[in-house]
Amino acid sequence: MTIQTPNPLTADQSPIVEFWNDILAPKVIRFRHIMVDGLSLHSQMVMPQLPVAPGDDVLDVGCGFGDTAYALAQRTGPEGTVLGVDCCQAFLDLAWRCPERMFNPNVRFANGDAERDLGEHAYDFVFSRFGTMFFVNPVAGLRAMCRALRPGGQMAHIVWRNREDNPWLAAARETVLQFLPAPGEDARTCGPGPFSMADEAATRAKMTAAGFTDIAFRRIDAKVLVGRTVADAIAFQLALGPAGETFREAGPLAEERRPQIEAALADLFAGVETNPEGLWMDSSSWLITARAPETA
Ligand SMILES: C[S@@+](CC[C@H](N)C(=O)[O-])C[C@H]1O[C@@H](n2cnc3c(N)ncnc32)[C@H](O)[C@@H]1O
């Protein structure tokens, strides 16, 4: 069992990698409860069916805080390995420090840009939850994932489906757009964004171009936690996601109009399903599965 460590980050890191580290990391860490607990149903619902066998070597791309890497280690057992790769060091530091680490010495984390290199033919299974949608060059990133697989190895990635079925992101953006202009062409971003792989035909074409075969899409509908309280949900939307991008890019105008924007978002969240954990909204993703070619 060898674990190949992907390319370490270098001074010529891409602007997207810089953006994740400099701008998004503190915000994502602040809302870790939403990023981890809030989105986890999408992977929990399919984790038992993923094609992972005891002893497998697994790669988790864009692993964030590492929760899916630890979940995958439950499938590989101690005789397998899991490597979580992410381009954001602050997330990896938290992933290493998870209490689960103590019970899973076969889980490791490494800093790397998945679009550049993930090693060659080193893994039986490659996974990503909500990581691939941010590839600036999706074919390059998907190709790196394909190349990282052993011949005939399998992959699965989870990406958001269309805006209409994801009101937790789309409705908040629409609300903010009532008060602020849409981000311009030159806006600094974290990559193409959450809906960049929503279109089945376009994503299938990208995966085919990357070298995958046996590509299949399965729809996952699940509730997502959008905040513990209405105030938390508003703060989350103004910090991250498409609404957050619109708010950030509008600069001083956004701050000037903050009271009206917050009031409108409070109205939006007033009608949302609530339980003791917080506010929950509908969401929908694709589980996309595929296979690497049988010959390297
Ligand atoms: C929406 S988060 C998802 C994190 C985690 N998989 C989860 O589901 O909680 C996207 C992650 O992809 C990482 N990421 C984005 N582009 C990347 C790249 N080119 N190489 C490696 N990681 C990347 C980000 O740093 C971030 O942790």
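Which helix and which strand each supply at least two residues of the shell around the ligand? With this predicted model open, select helix 2 (32-38) and strand 2 (81-86), since these are the two elements to show beside the ligand: each of them supplies at least two residues of its shell.

Next, widen the selection to the residues that surround the ligand, of which there are 22, and pick out the closest, namely G62, G64, C88, A114 and R129. If you colour the shell by residue type, you should find 13 nonpolar, 5 polar and 4 charged residues around the ligand.

From the ligand, turn to the core of the model. The largest nonpolar core holds 81 residues, and within that core L59, V126, M145, A148 and V226 touch the most other members. Select A148 from this group and display its contacts: once the neighbours within four places in sequence are left aside, A148 is in contact with L59, L118, G119, E120, A122, Y123 and V126.

Now move along the chain and select helix 10 (residues 230-239) together with helix 11 (residues 241-250). A pair of packed helices is described by the angle between the axes and the distance between them. Here the axes of helix 10 and helix 11 come within 5 Å and cross at roughly 65 degrees, and the two helices are therefore roughly perpendicular to each other. To show the contact itself, select Q237, L238 and A239 on helix 10, and G241, A243, G244 and F247 on helix 11. The residues of this contact divide into 4 nonpolar and 3 polar, with no charged residue.

Keep helix 11 selected and ask how far it is enclosed. Of its 10 residues, 7 are buried, so helix 11 is largely enclosed by the rest of the structure. The buried residues are G241, P242, A243, G244, E245, T246 and F247, and what covers them includes helix 8 (167-177), helix 10 and helix 12 (252-256). Just after helix 11 comes G251, whose phi is positive, near 60 degrees.

For the last stop, select L169, which lies in helix 8. L169 counts as buried because it has 23 C-beta neighbours inside 10 Å, where 20 or more are required. Leaving aside neighbours within four places in sequence, L169 is in contact with P194, G241 and P242, and G241 and P242 are among the buried residues of helix 11. Finally, draw a distance from L169 to M47, which is 122 residues away along the chain: their C-alpha atoms are separated by 24 Å.

Definitions and conventions
Residues numbered from 1 in each chain as written. Predicted model: local features only at pLDDT ≥ 70, side-chain atom pairs only at ≥ 80, totals over all residues. Near = placed C-beta within 6 Å. Helix = DSSP H or I, 4+ residues; strand = E, 2+ residues; numbered from the N terminus. Nonpolar A, V, L, I, M, F, W, Y, C, P; charged D, E, K, R; others polar. Axes fitted to C-alpha atoms, helices over the stretch in contact; angles between N-to-C directions. Parallel < 35°, antiparallel > 145°, perpendicular 65-115°, else oblique. Contact = placed C-beta atoms within 7 Å. Buried ≥ 20, exposed ≤ 12 C-beta atoms within 10 Å, placed from the backbone. Core = buried A, V, L, I, M, F, W, Y, C linked by C-beta atoms within 7 Å.
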